[in-house]
Amino acid sequence: MCGRYAASRGPGELAGLFGVEKWEPAEELAPDWNVAPTKQVYAVLERPPKDGGGKRPVRQLRPLRWGLVPSWAKSPDVGVKMINARAETVHEKPSYRRPFAARRCLLPADGYYEWVTGPAERQEEEKGKRKRPRKQPYFVTPADGSVMAMAGLYEFWRDRTLPEDHPRAWWATCAVITTEAQTEPFAGAGGGDGDGPRSLADIHPRMPLALTPDRWDAWLDPARTDPDEVRELLVPPPPEAVRAYPVGTGVSNVRNNGPELLAELDGPEAGTLF
């Protein structure tokens, strides 16, 4: 899954990395090292300009609320439960199939956090049951220090209790697409017992689906609407493209936020798994 990530890059840098043509300085977000659901996050997407000038979609950098609210939802409260969409079923689920066809985005990140769960906890989680408190957090990030471009979906929801011109009449929300975690060793993985997790699957059974740069254009293209064709793009980077390392448990509290959360520990904190 993806329940927390870090996004510290500014709009100028992101515009250069993703070929963004338009972004509003007034919508600039502060660096965030502990992005949690319902927060505003940067998304790269392609849409016609608001002023209607020209028909060509423009690549934009826009803030979206993390937690997708379907256009037909009666309340935006459902968004808090819809932060992730499974790659295996995203094309057929009622909440996601329409945005999957034409409203796709990239969610830039430094990397994401995941908490190691023991075998018994994992079995309960896979049954949909509440697990015990999270254990050792790990930060998963591109091994070469590049940006992680998580595949995402976005949607618009109209609050009909407010007039059309009200600043909160429209909600723009998003979700991260996830897939089965890779079982192959990631970059710098330990070589034996006691050295920590060797693969992303050792940390958690799911992971955000990050896309390599060669797939960005096709993923963002709103004219590409065939579900089968779009599904072919959902291929994660090779496992050696990322590394994972233990970080302090301070990240488990969403109120903590700062670059110190990314500090690499020599090993898991005392009393935690691995």
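Here is a chat between a colleague and a modeller about a predicted model of one protein chain.

Colleague: Let's start broad. How many helices and strands does the chain have?

Modeller: There are 6 helices and 12 strands. Buried residues account for 50% of the 274 residues. About 13,400 Å² is exposed, and carbon and sulfur atoms supply 50% of that area.

Colleague: What share of the contacts between residues at least 6 apart in sequence joins residues at least 24 apart?

Modeller: That share is 72%.

Colleague: Okay, on to S9. What makes strand S9 count as mostly covered?

Modeller: Strand S9 spans residues 148-158, and 11 of its 11 residues are buried. Met148, Met150, Gly152, Tyr154, Phe156 and Arg158 point one way, while Ala149, Ala151, Leu153, Glu155 and Trp157 point the other way. In a regular strand, side chains alternate between the two faces of the sheet. Both sets in S9 are buried.

Colleague: How do you know that S9 pairs with S6?

Modeller: Two strands pair if there are at least two bridges between them. S6 (residues 104-109) and S9 have 6 bridges, so they pair, and the sense is antiparallel. Pro108 stands opposite Ala149 in S9.

Colleague: And which bridges join S9 to S10?

Modeller: S9 and S10 (residues 170-180) run antiparallel and are joined by 7 bridges. One bridge puts Glu155 opposite its partner Thr173 in S10.

Colleague: There's an open sheet too. Why are S2 and S12 called its edges?

Modeller: The sheet has 5 strands in the order S2-S1-S7-S8-S12, with antiparallel pairing. S2 and S12 (242-246) each have a single partner strand, so one side of each is left without a neighbour in the sheet. The twist from one strand to the next averages 25°.

Colleague: What joins S7 to S8 inside that sheet?

Modeller: 4 bridges do, between S7 (residues 111-115) and S8 (residues 137-142), and these strands run antiparallel. Glu114 has Tyr138 in S8 as its bridge partner.

Colleague: Now the core. Which residues of the largest nonpolar core touch the most other members?

Modeller: Tyr5, Trp66, Leu107, Tyr112, Met150 and Leu200 do, out of 31 residues. At least two residues each come from S3, S4 (58-66), S6, S8, S9, S10, helix H4 (200-203) and S12. The largest share, 4 residues, is from S9.

Colleague: What is Met150 in contact with, leaving aside its neighbours within four places in sequence?

Modeller: Its contacts include Cys2, Tyr5, Cys105, Leu106 and Leu107. Val176, Pro208 and Leu209 are also among them. A second, separate core has 30 residues, including Leu14, Val20, Met82 and Leu209.

Colleague: You mentioned cysteines. How do you know that Cys174 and Cys105 are not bonded through their sulfurs?

Modeller: A disulfide needs the two sulfur atoms within 2.5 Å. The closest cysteine sulfur to that of Cys174 is in Cys105, 5.6 Å away, so it is too far for a bond. A search of the whole structure finds 0 disulfides.

Colleague: Why are Cys2 and Cys174 called buried?

Modeller: Buried means under 20% relative accessible area. Cys2 has 0% relative accessibility, so it counts as buried. Cys174 has 0% as well, so it counts as buried.

Colleague: Why is Ala15 called buried?

Modeller: Ala15 has 13% relative accessibility, which is under the 20% limit, so it is buried. Ala15 lies in helix H1 (residues 11-18). Leaving aside neighbours within four places in sequence, Ala15 is in contact with Val20 and Trp23. Gln60 is 45 residues from Ala15 in sequence, and their C-alpha atoms are 8.4 Å apart.

Colleague: And why is Pro49 called buried?

Modeller: Pro49 has 13% relative accessibility, again under 20%, so it counts as buried. Pro49 is in the loop between S3 and S4. Its C-alpha atom is 9.2 Å from that of Arg59, 10 residues apart along the chain.

Colleague: Last one: why is Thr38 called partly exposed?

Modeller: Partly exposed lies between the 20% and 50% limits. Thr38 has 34% relative accessibility, so it counts as partly exposed. Thr38 sits in the loop between S2 (32-35) and S3 (40-47).

Colleague: What stands out about the phi of Thr38?

Modeller: Most residues other than glycine have a negative phi. Thr38 is not a glycine, yet its phi is positive, about 80°.

Definitions and conventions. Residues numbered from 1 in each chain as written. Predicted model: local features only at pLDDT ≥ 70, side-chain atom pairs only at ≥ 80, totals over all residues. Heavy atoms only, no water. Buried < 20%, exposed > 50% of the residue type's maximum accessible area, 1.4 Å probe, protein only. Contact = heavy atoms within 4.5 Å. Areas by Shrake-Rupley, 256 points an atom, 1.4 Å probe, with all protein chains shown as cover. Axes fitted to C-alpha atoms, helices over the stretch in contact; angles between N-to-C directions. Core = buried A, V, L, I, M, F, W, Y, C linked by side-chain atoms within 4.5 Å.
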